[in-house]
Amino acid sequence: MLDKNADTIKNMFNELAPKYDRMNTLISFCLHKVIKQKSVNLIPISLQSKCLDLCCGTGDIADMLAQKNNVENVLGLDFSTKMLEIANHKKHSKKITFQEGDCTNIPCKDEYFNICTMAFGLRNIQDYEKAISEINRVLCQGGYFMHLDIFKGNKFINWIFDKTAYLLAYIFSKNPNSYKYLIKSKNDFFSPDELIIEVEKLGFCCTKKRTWLFGMISAQLYCKK
């Protein structure tokens, strides 16, 4: 069973932070920013919106949200201080604020945000139901939650990805153990359709689903009921 203790995961991402963006580029075959942008573009933003980007990492999604005309401000939340240091260094917009915090205990008032996003984070959270319930709490009625993550694709593509990810991690990071965790966490996670069922149990309705890289990466857009 995977160790998803919050301190263990935090330490892992603090260690990964300096090479996180480069490894994402390699492992996604240079497609991760394109996929993130396509996922953000799924969100209808017709009114002035307050946005929350959970597990914001180095800030790519927060930056993409801030570029939208109808976005008023973006709060990026992550518990990795090293990731947040990089995010603050990279940020391109005064609309964005980054803050250290836990997405199973979001430090914000009820029904405050119109939009919430989480990319490549839910899979690492032991109490995923608590995180989704917290997202429901801080979203306004009719607000949107966009979730993006890596999943198992078909058997052959999954095997190719696992071998490639481990090899690239061994060559470029010199410490592939964290990527062993990535591979196992992906393989133990829900499928996109299974995840949709779980999220809909907690007060959401899935309105869109997109997949890339032969089903290895999926984004789902949910609306708060």
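**Exercise 1. Find which residues of helix α5 are buried, and what they pack against.**

Let's start with one helix of this predicted model.

Step 1. Helix α5 covers residues 128-138, and its buried residues are Tyr128, Ala131, Ile132, Glu134, Ile135, Asn136 and Val138.

Step 2. Now look at what lies against these buried residues. Their packing partners include the strands β1 (49-54), β4 (113-119) and β5 (139-150). The strands β6 (204-212) and β7 (217-224) are also among the partners, together with helix α8 (192-200).

Step 3. Zoom in on one residue of the helix, Asn136. Its relative accessible area is 18%. The cut-off for buried is under 20%, so Asn136 counts as buried.

Step 4. List its contacts, leaving out residues up to four places away in sequence: Asn136 touches Leu202, Gly203, Phe204 and Lys224.

**Exercise 2. Decide whether Cys140 is buried or exposed, and describe its surroundings.**

Step 1. Locate the residue: Cys140 sits in strand β5.

Step 2. Classify it. With a relative accessible area of 21%, Cys140 falls between the limits of 20% and 50%, so it is partly exposed.

Step 3. Collect its neighbours. Apart from residues up to four places away in sequence, Cys140 is in contact with Glu111, Tyr112, Phe113, Asn114 and Lys224.

Step 4. Check the distance to another cysteine. Cys206 lies 66 residues from Cys140 along the chain, and the C-alpha atoms of the two are separated by 16 Å.

**Exercise 3. Work out how the salt bridges of Asp60, Lys184 and Asp193 are placed in the chain.**

A reminder before you begin: side chains of opposite charge can pair when their charged atoms come close.

Step 1. Begin with the total: the whole structure holds 12 salt bridges.

Step 2. Take Asp60 and Lys36, whose side chains form a salt bridge with an N to O distance of 2.9 Å. This pair links distant parts of the chain, as Asp60 belongs to helix α3 (residues 60-66) and Lys36 to helix α2 (residues 32-40), 24 residues apart. Both partners are buried. Asp60 and Lys36 also take part in a network of salt bridges with Asp21 and Lys90.

Step 3. Move on to Lys184 and Asp188, which meet at 3.3 Å, N to O. They are four residues apart in helix α7 (residues 177-188), so about one helical turn separates them. Lys184 is partly exposed at 38% relative accessible area, and Asp188 is partly exposed too, at 49%.

Step 4. Finish with Asp193 and Lys209, whose salt bridge has an N to O distance of 2.8 Å. Here again the pair links distant parts of the chain: Asp193 is in helix α8 and Lys209 in strand β6, 16 residues apart. Asp193 counts as partly exposed at 46% relative accessibility, and Lys209 does so at 34%.

**Exercise 4. Find where the positive phi values of Cys30 and Phe214 occur.**

Step 1. Recall the background: most residues other than glycine have a negative phi.

Step 2. Look at Cys30, which has a positive phi, near 70°. Cys30 lies in the loop between α1 (6-27) and α2. Its relative accessible area is 57%, and the limit for exposed is over 50%, so Cys30 is exposed.

Step 3. Look at Phe214, which is not a glycine either and has a positive phi of about 60°. Phe214 is in the loop between β6 and β7. At a relative accessible area of 66%, Phe214 is exposed.

**Exercise 5. Describe the chain as a whole, from its fold elements to its charges.**

Step 1. Count the elements: there are eight helices and seven strands.

Step 2. Compare the radius of gyration with the globule rule. The chain has 16 Å, close to the 17 Å that the rule gives for 225 residues, so the chain is as compact as a globular protein of that length. Along the principal axes, the C-alpha atoms fill a box of roughly 45 × 35 × 30 Å.

Step 3. Turn to burial and contacts. Of the 225 residues, 52% count as buried. Among contacts between residues at least 6 apart in sequence, 71% join residues at least 24 apart.

Step 4. Close with surface and charge. The accessible surface is about 10700 Å², and carbon and sulfur atoms account for 55% of it. The chain carries 31 positive and 24 negative side chains, with the centres of the two sets 6 Å apart.

Notes:
Residues are numbered from 1 along each chain as its sequence is written. This is a predicted model: local features need pLDDT of at least 70, side-chain atom pairs count only at pLDDT 80 or more; totals for chains, interfaces and linings use all residues. Side-chain values use heavy atoms; hydrogens and water are left out. Helices (H or I, at least four residues) and strands (E, at least two) are DSSP runs, numbered from the N terminus. The radius of gyration is taken over C-alpha atoms; the globule rule is 2.2 Å times the number of residues to the power 0.38. Buried means under 20% relative accessible area, exposed over 50%, partly exposed in between (1.4 Å probe, protein chains only). Contact means heavy atoms within 4.5 Å. Accessible areas come from the Shrake-Rupley method with a 1.4 Å probe; for residues, only the protein chains shown count as cover. Lys and Arg count as positive and Asp and Glu as negative; His and the chain ends are not counted. The place of a charge is taken as NZ of Lys, CZ of Arg, CG of Asp or CD of Glu. A salt bridge is a side-chain nitrogen of Lys or Arg within 4 Å of a carboxyl oxygen of Asp or Glu.
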